[in-house]
Amino acid sequence: MSKMAIIGSGTMGRGIAYVAALNGFSVAVHDINTESLTLAENYIQQELIKSEQLGYISKQDMNTCLNNLTFHSDLSLAVEDCDIAIEAVLEIMDVKIDVFQKLDKLCPPKTVLATNTSTMSPTEIGAQTGRPDKVIAMHFFNPVHKMKLIEVIRGLDTSQETVEFVRDIGTKMKKETVEVNEFPGFITSRMNCLIGNEAMNMLLEGVASAEDIDKAINLGLNHPMGPLALADLVGLDTRLRNMEYLHQTLGEKYRPCPLLKKYVKAGKLGVKTGSGFFHYTEAK
Ligand code: NAD
């Protein structure tokens, strides 16, 4: 059984931990915020109960998954002897670099260090460590247990061995992978941020209501989910950081819609706070 450490137990970290533990990895989850760790543990338990009740997994799978998981506020305990550490902290380069420098010091030399960044450069992150050949981006999607894809983004110095190692982990987690040459926003975030931003600009211009914009894209263009509901699911704070990075690196086309900034200032961050472009009965 390979040992995995997940750094950051928010929307993505808890989802990656859940799927990895369910597929036989021994998973240690770390967060600097103990409340987030507790929420992550509760989230995974609830998802397991739902999946078992719906017949997707057995009681035995559920127990194995729970036994495979540990939660730590101490980073050094979480990464002890791990084969791979996957970072899922905030989309802020300085925060990510700080985490990778700590991981580089604490992890054994064998450990591959992966970032779940939606937009940023694994080359820039890898260059701040003593093992750029073992640094790579693994971009999972939300919710992790439902979404089939992982984008694998190789930095300038990432070795072929590291690429193959993480693609194999993806397969063991029952995901498909695509390999992307490093460029801001990769394939999916670059496209998705633009669609979402256009929907927000339409809402701002009064073209249609949020409900009708999403209904049009859902039923007229056959997207499984409308772009405003998807932004709410991602988290509007996370989406704004993605847009700001893409605006800075790719130019004017990616200027974040002022409405997105206004929602973030108001603390309306989408599903996780119970309110964003739409309202939700309970925050997750
Ligand atoms: P989030 O805000 O839900 O969670 C971030 C977590 O990181 C929080 O629990 C926070 O306490 C923790 N954290 C912050 N600094 C830390 C540190 N130094 N050490 C340990 N933990 C720390 O964010 P998220 O939506 O899970 O996004 C995480 C990453 O995944 C971002 O890079 C984001 O762009 C990317 N991503 C997000 C989505 C999405 O749909 N939300 C999808 C794909 C990728």
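Biologist: Why does the pair between Asn116 and the ligand count as a polar contact?

Modeller: In this predicted model, a polar side-chain atom of Asn116 lies 3.0 Å from an oxygen atom of the ligand. The cut-off for N or O pairs is 3.5 Å, so the pair counts.

Biologist: What distances do Ser36 and Glu91 show?

Modeller: For Ser36, a polar side-chain atom lies 2.8 Å from a ligand oxygen. For Glu91, the value is 2.5 Å. Both fall within 3.5 Å, so both are polar contacts.

Biologist: How much of the ligand does the protein bury?

Modeller: The protein buries 89% of the 830 Å² that the ligand exposes when taken alone.

Biologist: What makes up the shell around the ligand?

Modeller: The shell has 9 nonpolar, 13 polar and 4 charged residues. Of the 26 residues around the ligand, Asp31, Ser36, Glu91, Lys96 and Ser118 come nearest. Helices H1 (11-22), H5 (93-106) and H11 (236-250) each supply at least two shell residues.

Biologist: Which domains does the shell draw on?

Modeller: Domain 1 (3-181) and domain 2 (188-273) each give at least three residues.

Biologist: How do you know that domain 1 and domain 2 share an interface?

Modeller: Their centres are separated by 26 Å, taken over C-alpha atoms. The contact takes 14 residues from domain 1 and 9 from domain 2. Contact means heavy atoms within 4.5 Å, so these residues meet that cut-off. The two domains bury about 960 Å² between them, 56% of it on carbon and sulfur atoms. Glu91, Thr119 and Asn142 lose the most area in domain 1, together 43% of what that side buries.

Note on methods: Residues numbered from 1 in each chain as written. Predicted model: local features only at pLDDT ≥ 70, side-chain atom pairs only at ≥ 80, totals over all residues. Heavy atoms only, no water. Near = heavy atom within 4 Å. Polar contact = N/O pair within 3.5 Å; in protein donor to acceptor, adjacent residues only side chain to side chain. Areas by Shrake-Rupley, 256 points an atom, 1.4 Å probe, with all protein chains shown as cover. Helix = DSSP H or I, 4+ residues; strand = E, 2+ residues; numbered from the N terminus. Nonpolar A, V, L, I, M, F, W, Y, C, P; charged D, E, K, R; others polar. Domains from an automatic or database assignment. Buried area = accessible area lost by both parts, 1.4 Å probe.
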